[in-house]
Amino acid sequence: MNIGIIGTGYVGLVTGACFADLGNNVICADNDNEKIKSLKKGNVTIYEPGLEEIVMRNNKNGRLKFTDSIKETVTKSDIIFICVGTPPKENGEADLIYIERVSRDIARNINGYKLIVEKSTVPVQTGERVKDVISSYKKNKIKFDVASNPEFLREGTAIKDFMNPDRVVIGIESKRAKNLLIELYRPLRAPFVVTDIKGAEIIKHASNSFLATKISFINAISNICEVVGTDVVEVAKGIGLDKRINTDFFNAGIGYGGSCFPKDVNAFIHIADKLGYDFGLLREVEKINEMQKDLFVKKIKHMLWNLPGKKIGILGLSFKPDTDDIRSAPALDIIVALQAEGCDIKAYDPKAVNKAKKILKGVKFCKNAYEVARGSDCLVIATEWNEFKELDFKRIKRLLHRPIIIDGRNIYDPKKMKKMGFRYTAIGRKV
Ligand code: UGA
């Protein structure tokens, strides 16, 4: 099939590369010339395991092309995926200006039947707007369909998630659109959920919001566990092994971050509000998530007594492991709060240091965990990268000014830490 992708950000690039790998002809468009130039050379600017190989392979075999021309993308494709950003406005509402512009550009270049698919995460009823814009700007009688096909891939496991989805959600209005999308996704052998466009739009916002709710729920439980002196890891297991609840996305920590959960929960609250429903539950989910970071800073303060002048070593800056993405990363808010309390910060992350350097001021960035530990008053785990799980703790203890570890991701066994002579605290754990 001939596929056009408009917007080569995270979702667009992974989608384009994977569809090409499945044997389709794909053209990816972006208005960022520099990005297109570097993609043409096979340079992928984001860190995502396996993505560069797929881009290179399909660049070479000619199935994956990059362009800055929307005209070329629209005219040469039968199915066009809109993958442009929907960033939050100041009030948290999704900004849909790029979706509107792309819809207009598609209308101006339409040269035969097209299926236009929303892949970007958008509020419910955006599909109607897209359809309306295309109809009103289109100068010919050519037919088109709009569909919604939300993406559920996670950063860090994007290729695996794309190629092995739990389900493929298709929101359509015509049989032609349904058949085209089923044909396109058939090689993935995943169950299809076929619904209308609004249903598919809600499924995406609701899925991310539900997962965020699960995380905030277990974070709230962790605070109770801590007060009474029991262990949230055992409690979460005891709850989550009920198949109806499930243990996934049920790890207590310093809160969710990234480019999706914070933005999508907020956008869902906004669209619900616009529709006349007060989604108080999600407001509480956000509140718990913010509180979790404040409580963590208080915990650090409790362990160190007075914060001014203390040297804090931070391990992990990305919003989760296996990505260099620092958007809404809890680590950053925690660092800024500690700096405001007068602390000196040293930090290390296996992939995210370059991005963090552009945002954080006054932080000493280190080459590894040991350099962070040297002379610090405590070591703080902010992201659960695998390399932090197996450190040389004897060395860490020697290097630290005081043997204190404050674990925001519950990656260590409290008993072992105590046995090794550390003063250890984590999130909702019996220590
Ligand atoms: C999320 C969803 O998981 C994807 O299904 C979705 O496609 C994507 O958003 C999107 O809308 O594009 P992602 O943002 O890559 O994916 O990251 P997640 O793996 O979902 O993690 C989100 C945050 O939750 C991270 O900060 C992580 O540390 C935190 N988290 C996750 C917890 O605090 N506890 C958990 O148990 C799980």
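## K114 and the ligand shell

Leaving aside neighbours within four places in sequence, K114 is in contact (heavy atoms within 4.5 Å) with V74, T75, S77, D78, I80, K143, F144 and D145. This is a predicted model, in which local features need pLDDT of at least 70 and side-chain atom pairs count only at pLDDT 80 or more, while totals for chains, interfaces and linings use all residues. Residues are numbered from 1 along each chain as its sequence is written, and side-chain values use heavy atoms, with hydrogens and water left out.

K114 belongs to strand β5 (residues 114-118); strands are DSSP runs of E, at least two residues, and helices are runs of H or I, at least four, numbered from the N terminus. K114 is buried, meaning under 20% relative accessible area with a 1.4 Å probe, protein chains only. K114 has no salt bridge, that is, no side-chain nitrogen of Lys or Arg within 4 Å of a carboxyl oxygen of Asp or Glu. The nearest side chain of opposite charge, D78, is 5.2 Å away. The side chain of K114 has a polar atom 3.5 Å from the backbone oxygen of T75.

Now the ligand. It is surrounded by 20 residues, each with a heavy atom within 4 Å. The closest are F152, L153, E155, K204 and N208. Polar contacts to ligand oxygen atoms (N or O pairs within 3.5 Å) include these:

| Residue | Part | Distance to ligand oxygen |
|---|---|---|
| G257 | backbone N or O | 2.9 Å |
| F319 | polar backbone atom | 2.9 Å |
| R409 | polar side-chain atom | 3.3 Å |

The protein covers 91% of the 710 Å² of accessible area that the ligand has on its own (Shrake-Rupley method, 1.4 Å probe). Helices α9 (197-228) and α11 (261-274) each give two or more residues to the shell. α9 gives the most, with three.

Technical notes. Buried < 20%, exposed > 50% of the residue type's maximum accessible area, 1.4 Å probe, protein only. Lys, Arg positive; Asp, Glu negative; His and termini not counted. Polar contact = N/O pair within 3.5 Å; in protein donor to acceptor, adjacent residues only side chain to side chain.
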